[in-house]
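Let's take a walk through this fold, one piece at a time. Keep the viewer open and follow along.

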Amino acid sequence: MIAVGLTGGIGSGKSTVATGFVQRGAALIDADVIVRELQDPAGKVFAEMVARFGDHIVAADGTLDRAAVASIVFNDAEALADLNAITHPPVGREIRRRLDELAGTDRLVVLDIPLLAEGLAKGRPARYPTSGIIVVDTPTELAVERLVTSRGFVATDARARIAAQLSGSERRALADWVIDNSGGLAELEAAVGAAFEWAGALPHSEPTTHG
């Protein structure tokens, strides 16, 4: 198994890059998908979140209203810390379980973890073994445009979300490989192909540990 970490700011196109790796045969462990699974009404953290934040985070259909949660925690450090305390431990255990399942294979595994770069930048203790870190790099204004046109963000909100994350230069400083997503889909496809070839040549054993 070769595991690589994949990170990039909001609107960077990281999910498109992850899809490109999967299409080339990689296995994907997506922390956001795991979070959504755990936050399902039948999941492990739904009841605990409702107990902490109240019934108003439950949508009319009984599922979690993620926009309501975001509106609570985005400008409240204590609420965000509480949310992280509820969700991060079970997410981490599930990521580790999936890694363990793949450990005896020869698969290339992509770890798509939104806060991976933030953890590295703060020097947090290693959590997951990786042989390299891939950063998807996109100019801020282009990321804002994509968030507004493709995901329905208001431009001021998009800029605020981006400003709350690491800067592009900070992310690039952590990278073993940078994918430039400032162009069109054809350019991105070529960049993903080059990154996939690079990742496939990384060492299998005793990988450098990040996370």
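The sheet in this predicted model is open and has five strands, ordered S2-S3-S1-S5-S6 and paired in parallel. Who sits at the edges? That would be S2 and strand S6 (177-180), each with a single partner strand, so one side of each is left without a neighbour in the sheet. Going from one strand to the next, the twist averages 25°. As general background, strands of a sheet pair through backbone hydrogen bonds, either parallel or antiparallel.

Now look at strand S1, residues 2-8. Is S1 mostly covered or mostly open? Mostly covered: seven of its seven residues are buried. Both of its faces are shielded, with Ile-2, Val-4, Leu-6 and Gly-8 buried on one side, and Ala-3, Gly-5 and Thr-7 buried on the other. S1 runs parallel to S3, and five bridges join the two; to find your place there, look for Ile-2, which stands opposite Leu-108 in S3. S1 also pairs with S5 in the parallel sense, again over five bridges, and here Leu-6 has Ile-134 of S5 as its bridge partner.

Over at S2, four bridges tie this strand to S3, and the two run parallel. Asp-30 stands opposite Asp-112 in S3. Two helices pack on the sheet here. H2 touches S2 and S3, and its direction makes about 55° with that of S2. H5 touches S2 and S3 as well, but its direction makes about 165° with that of S2.

Asp-112 deserves a stop of its own. This residue lies in strand S3. Is Asp-112 buried or exposed? The cut-off for buried is under 20% relative accessible area, and Asp-112 has 2%, so it counts as buried. Leaving out residues up to four places away in sequence, Asp-112 touches Leu-6, Lys-14, Ala-18, Leu-28, Ile-29, Asp-30 and Ala-31. For a sense of scale, Asp-112 and Ser-169 are 57 residues apart in sequence, and their C-alpha atoms are 20 Å apart in space.

Ile-29, one of the residues that Asp-112 touches, takes us to the largest nonpolar core. That core has 30 residues, and the members touching the most others are Ile-29, Met-49, Ile-95, Leu-99 and Val-109. Which elements supply at least two residues each? They are strand S2 (27-30), helix H2 (31-38), helix H3 (46-53), helix H4 (66-73), helix H5 (77-102), strand S3 (108-112) and strand S5 (132-137). H5 gives the largest share, seven residues. Another core, of 20 residues, lies apart from this one, and among its members are Val-110, Ile-179, Ala-191 and Phe-196. To see the surroundings of Ile-29 itself, pick out its contacts more than four places away in sequence: Ile-34, Ile-95, Arg-98, Leu-99, Leu-102, Val-109, Val-110, Leu-111 and Asp-112.

Let's stay with H5 and find Thr-87, which has its place in this helix. With a relative accessibility of 8%, Thr-87 counts as buried. Its contacts, leaving aside neighbours within four places in sequence, are Gln-39, Val-45 and Met-49. Met-49 has come up already, as one of the core members that touch the most others.

H5 has a helix partner too. H4 and H5 pack at an angle of about 130°, with their axes 7 Å apart, and that angle makes H4 oblique to H5. The residues making the contact are Val-69, Ile-72 and Val-73 on the H4 side, and Ala-79, Leu-80 and Leu-83 on the H5 side.

One more helix pair is left for this tour. Helix H7 (residues 140-151) and helix H8 (residues 155-163) have axes that come within 9 Å and cross at roughly 130°. H7 is therefore oblique to H8, and the crossing is right-handed. Which residues make the contact? H7 brings Thr-140, Glu-141, Ala-143, Val-144, Leu-147 and Val-148, while H8 brings Ala-155, Ala-158, Arg-159 and Ile-162.

Definitions and conventions
Residues are numbered from 1 along each chain as its sequence is written. This is a predicted model: local features need pLDDT of at least 70, side-chain atom pairs count only at pLDDT 80 or more; totals for chains, interfaces and linings use all residues. Side-chain values use heavy atoms; hydrogens and water are left out. A nonpolar core is a set of buried Ala, Val, Leu, Ile, Met, Phe, Trp, Tyr and Cys residues joined through side-chain atoms within 4.5 Å. Buried means under 20% relative accessible area, exposed over 50%, partly exposed in between (1.4 Å probe, protein chains only). Contact means heavy atoms within 4.5 Å. Two strands pair if DSSP finds at least two bridges between them. Axes are lines fitted to C-alpha atoms, for helices over the stretch in contact, and angles run from 0 to 180 degrees between N-to-C directions. Angles under 35 degrees count as roughly parallel, over 145 as roughly antiparallel, 65 to 115 as roughly perpendicular and the rest as oblique. A crossing is left-handed if the near helix is turned anticlockwise from the far one by less than a right angle, and right-handed if clockwise.
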